[in-house]
Amino acid sequence: MNTSADPVRDAASPAATFSRYRWVICALLFFATTINYVDRAVLGVLAPTLRVEFGWSEQDYGVISASFTLAYAIGFLFAGWFIDRVGTRVGYSVYLTLWSFAAAAHALAKSVAGFSIARFVLGLGESGNFPAAVKTVAEWFPKRERAFATGVFNAGSNIGAIVAPLLVPWLALTWGWRTAFVVTGLAGLVWLAFWLPVYRRPAEHPKVSPAELALINSDPPDPPVRASWLQLLRFRQTWAFTVGKFLSDSVWWFYLFWFPMFMADRFGVDLRTIGLPMVTVFLLADVGSVGGGWFSSRLMQRGWSANAARKTTMLICALCILPVVFAPHVEGQWVAVWLIGLAAAAHQGFSANLFTLTSDMFPRAVVASVVGIGGFAGAMGGFFMNLGAGWLRGYTGSYAAMFFMAGGAYLAALAAIHVLAPRLEPARLDLAPPATS
């Protein structure tokens with residue numbers, strides 16, 4: 001009988017059973033992220049219809065959209081800190097419950113103020129998804145698999161954006177737009193019924209074999225550190241991630257909330273015909289999310305450093321985004337869709353690697369906090385982009401300025417990341433001065 005308690009030696013034994021339960025956890029993250037994006041995308045799908053029913057101006061819609069991103073930013077100030085302290089099992093449950101009820105509450109809104117309040121609470125709840133998911137990946141996957149795992153769960157954002165234009169028009173046209181908010185909002189409670197019984201930390205999970213646990217823990221152990229936000233903000237690595245999120249996320253928020261309005265204004269697309277263009281854009285984004293994570297992980301498996309693999313992948317993605325500046329100028333509807341779809345795919349490949357930088361440079365104990373800081377910056381970028389889009393659209397009558405900014409944002413983000421973290425060197429939290437000094 002083998003009585004060894006050494007997981008590494010057990011992993012090397014021919015008789016060892018190698019489980020793959022980490023991918024079950026990744027699947028749960030994928031579905032949570034899918035629900036997250038369905039709930040935030042419902043308003044965008046219905047926006048052209050609601051604009052007619054309630055008489056919204058471009059500025060009104062900009063304010064409603066900006067309410068979400070402002071709350072999302074504020075939520076990130078606390079989400080990472082909260083999840084780092086209570087753990088992903090409890091933290092995820094709290095945030096998903098909050099955003100599910102907030103999403104359903106849109107059905108009660110009757111004014112710009114009502115929709116703005118509902119969007120604000122939804123933003124607070126949804127701010128917990130990515131800090132919890134990235135921290136879970138850091139706990140369940142070795143570094144060489146994290147970019148791919150992040151790409152897989154992050155693909156849920158695109159699946160959510162695909163499901164919304166397929167499901168929401170049918171619900172709205174059959175039972176009314178209020179039903180669309182209620183049905184999609186409460187779907188998150190079904191996910192909780194799976195998450196709470198299933199999730200445990202790898203070392204505590206009965207379905208994780210010693211061999212898989214050895215793989216999960218194959219990286220050098222993290223130093224036993226804790227750090228406040230003030231301490232984390234003293235590191236260039238934190239600012240590299242934060243600036244990257246501010247510049248790139250602002251563009252993603254623009255695509256998510258303004259794409260249906262752009263298609264309606266530029267090409268006359270309505271609730272009955274928006275489905276296929278949105279599905280095309282976000283299906284391409286799905287491919288980019290998984291592909292971007294896979295590509296950098298593949299380069300690392302071939303012996304590339306994390307620095308070279310991540311940044312090479314991000315550069316390719318940034319270059320693929322440049323043609324989107326032509327989207328508002330082309331005559332064919334589908335030319336615009338493909339240009340935006342290519343940009344969305346490249347964004348998601350860029351984003352999968354950007355998220356992974358946090359676990360490349362920081363110990364697991366503070367990953368969610370760093371993601372929270374960057375998420376705050378990204379959501380503030382979205383706040384300014386949404387307000388600016390409403391103002392620019394109303395003032396110029398065109399979307400050209402927004403697409404011009406969208407095209408160049410990623411090269412600027414990568415340049416800033418490289419200046420601030422030229423080698424993706426780990427942050428030495430053990431050398432950080434006290435936050436009160």
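The following exercises, each with a worked solution, concern helices and selected residues of a predicted model.

The model is predicted, and local features need pLDDT of at least 70, side-chain atom pairs count only at pLDDT 80 or more, and totals for chains, interfaces and linings use all residues. Residues are numbered from 1 along each chain as its sequence is written, and side-chain values use heavy atoms, with hydrogens and water left out.

**Exercise 1. Helix α2**

Compare the span of helix α2 with the expected one, then describe its kink and its burial.

Step 1. Helices are DSSP runs (H or I, at least four residues), numbered from the N terminus. The expected span is 1.5 Å times one less than the number of residues. Helix α2 covers residues 22–54, which makes 33 residues and an expected span of 48 Å. Its end C-alpha atoms are 47 Å apart, in agreement with that value.

Step 2. The bend at a residue is the angle between axes fitted to the seven residues ending there and the seven starting there. In α2 a kink of about 60° is found at A47, shortly before the proline P48.

Step 3. A residue is buried under 20% relative accessible area, exposed over 50%, and partly exposed in between (1.4 Å probe, protein chains only). Because 25 of the 33 residues of α2 are buried, this helix is largely enclosed by the rest of the structure.

Step 4. Just after α2, G55 has a positive phi of about 70°.

**Exercise 2. Helix α12**

Carry out the analysis for helix α12, residues 236–267.

Step 1. Helix α12 has 32 residues; 46 Å is expected at 1.5 Å a residue, and the distance from its first C-alpha to its last is 44 Å, close to that figure.

Step 2. At W258, shortly before the proline P260, α12 has a kink of about 55°.

Step 3. With 25 of its 32 residues buried, α12 is mostly covered. Just after the helix, G268 takes a positive phi of about 75°.

**Exercise 3. Two helix pairs**

Determine how α7 packs with α15, and how α4 packs with α9.

Step 1. Axes are lines fitted to C-alpha atoms, for helices over the stretch in contact, and angles run from 0 to 180 degrees between N-to-C directions. Angles under 35 degrees count as roughly parallel, over 145 as roughly antiparallel, 65 to 115 as roughly perpendicular, and the rest as oblique.

Step 2. Helix α7 (residues 143–175) meets helix α15 (residues 333–361) at an angle of about 135°, and their axes are 9 Å apart. Therefore α7 is oblique to α15.

Step 3. A crossing is left-handed if the near helix is turned anticlockwise from the far one by less than a right angle, and right-handed if clockwise. The crossing of α7 and α15 is right-handed. Contact means heavy atoms within 4.5 Å; among the residues that make it are K143, R146 and T150 of α7, and F355, T356 and S359 of α15.

Step 4. The axes of α4 (residues 88–105) and α9 (residues 188–198) come within 9 Å and cross at roughly 165°. These helices are therefore roughly antiparallel to each other, and their crossing is left-handed. The contact includes Y92 and L96 of α4 and W191 and W195 of α9.

**Exercise 4. Individual residues**

State whether F130, S359 and L77 are buried or partly exposed, and name their contacts beyond four places in sequence.

Step 1. F130 belongs to helix α6 (residues 129–140) and is buried, at 4% relative accessibility. Its contacts include Y37, Y72, F153 and F355.

Step 2. S359, in helix α15, is buried at 5% relative accessibility. It is in contact with A138, K143, R146 and V367.

Step 3. L77, in helix α3 (residues 58–86), is partly exposed at 28% relative accessibility. Its contacts are W229 and F376. L77 and I373 lie 296 residues apart in sequence, with 6.4 Å between their C-alpha atoms.

**Exercise 5. Helix α17 and the segment after it**

Which buried residues does α17 have, and what phi does L424 take?

Step 1. The buried residues of α17 are M402, F403, A406, G407, A409, Y410, A413, L414, A416 and I417. They pack against α12, α14 (306–321), α15 and α16 (364–396). The helix bends by about 35° at A409.

Step 2. L424 lies in the segment after α17 (400–420) and is buried at 6% relative accessibility. Most residues other than glycine have a negative phi. The phi of L424 is positive, near 55°.
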